[in-house]
Amino acid sequence: MAVRKITEYPEKVLAEVGKPVTEFDEELEKLCADMFETMYDAEGVGLAAQQIGLALRLFVMDCEGIKLVAANPEIIAIEGEQSNPEGCLSVGKVPAVVVRAEKATLRAQNEKGEWFEREADGYAARAFQHETDHCNGKLFIDHLPKMRREMVVKRFQKEKNWK
Ligand SMILES: [Zn+2]
């Protein structure tokens with residue numbers, strides 16, 4: 001297992017729509033193990049393949065007791081609305097309030113290729129939506145009005161230069 005380098009905005013891969021995962025083999029298991037390790041190392045609750053430079057429809061997450069690998073993820077049902085601060089490891093965890101569905105049902109394949117459905121609400125539902133977006137080449141800042149989006153990017157760049 002290894003901690004991989006996390007890609008950061010505006011690296012191109014973050015805007016790429018992921019290719020479907022088709023091989024559920026040892027290589028995928030190793031990749032998922034690396035993704036979990038990278039996510040824990042960065043103290044995140046979710047990590048998509050795009051965030052380690054791979055345009056794939058794949059994410060891992062461990063949020064509010066929901067730990068899973070999601071290959072070829074889809075949000076198949078949503079309900080309600082929540083407005084909460086959200087951040088992203090690829091945008092320096094700079095927080096911004098994003099409107100999301102309060103409840104979301106995820107349909108995906110695990111690392112063995114078995115399909116599953118999982119329902120969540122609150123923070124975990126937000127993670128489902130945030131990570132599935134990554135697999136579609138979309139970042140949380142893409143949900144923000146232009147001015148707020150620019151503010152987040154500016155703050156991220158400023159903090160990066162301080163490091
Ligand atoms: Zn993210």
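Helices here are DSSP runs of H or I with at least four residues, strands are runs of E with at least two, and both are numbered from the N terminus. This is a predicted model: local features need pLDDT of at least 70 and side-chain atom pairs count only at pLDDT 80 or more, whereas totals for chains, interfaces and linings use all residues. Residues are numbered from 1 along each chain as its sequence is written, and side-chain values use heavy atoms, with hydrogens and water left out.

Q: What separates H130 and H134 in helix α2?
A: About one helical turn, because the two histidines sit four residues apart in α2. The helix itself covers residues 122-135.

Q: Which residues coordinate the zinc ion?
A: Donors are N, O and S atoms within 2.8 Å of the metal (3.2 Å for Na, K and Ca). C88 (SG), H130 (NE2) and H134 (NE2) fit that description, at 2.0 to 2.3 Å from the zinc ion. Along the sequence, their spacing reads C-x41-H-x3-H. Do keep in mind that water is not among the atoms, so sites may look incomplete.

Q: Why does H134 count as buried or exposed?
A: Buried means under 20% relative accessible area, exposed over 50% and partly exposed in between, using a 1.4 Å probe and protein chains only. H134 has 0% relative accessibility, so it counts as buried. H130 is buried too.

Q: Which residues does H134 touch, not counting those up to four places away in sequence?
A: With contact meaning heavy atoms within 4.5 Å, H134 touches E16, A48, Q50, Q51, C88 and L139. One of these, C88, is also a zinc donor.

Q: How do you know that β6 and β7 pair, and how do they run?
A: Two strands pair if DSSP finds at least two bridges between them. Seven bridges join β6 (residues 103-109) to β7 (residues 115-121), and the strands run antiparallel. L106, for instance, stands opposite R118 in β7. The two strands form a hairpin with five residues between them, and G113 in the turn has a positive phi of about 95°.

Q: What lines the largest pocket?
A: A pocket is an open set of points on a 1 Å grid over the protein atoms alone, with protein on both sides within 12 Å along at least five of seven lines, and lining residues have an atom within 4 Å of a point. Here the lining has 17 residues, with V45, G87, C88, Y123 and H130 nearest the centre. The elements giving two or more residues to it are β4 (82-86) and α2. Helix α2 has the largest share, six residues.

Q: Where is P10, and what makes the bond before it cis?
A: The peptide bond from Y9 to P10 has omega near 5° and is cis. P10 belongs to the segment before α1 (26-41).

Q: What is the phi of E64, and where does this residue lie?
A: E64 has a positive phi of about 50° although it is not a glycine, and its place is the loop between β2 (58-63) and β3 (66-79). E64 counts as exposed because its relative accessibility is 58%.

Q: How do you know whether N72 is buried or exposed?
A: The relative accessible area of N72 is 11%, so this residue is buried. N72 lies in strand β3 and, although not a glycine, has a positive phi of about 55°.

Definitions and conventions: On a 1 Å grid over the protein atoms alone, a cavity is a set of points where a 1.4 Å probe fits but cannot get out, and a pocket is an open set with protein on both sides within 12 Å along at least five of seven lines; lining residues have an atom within 4 Å of a point.
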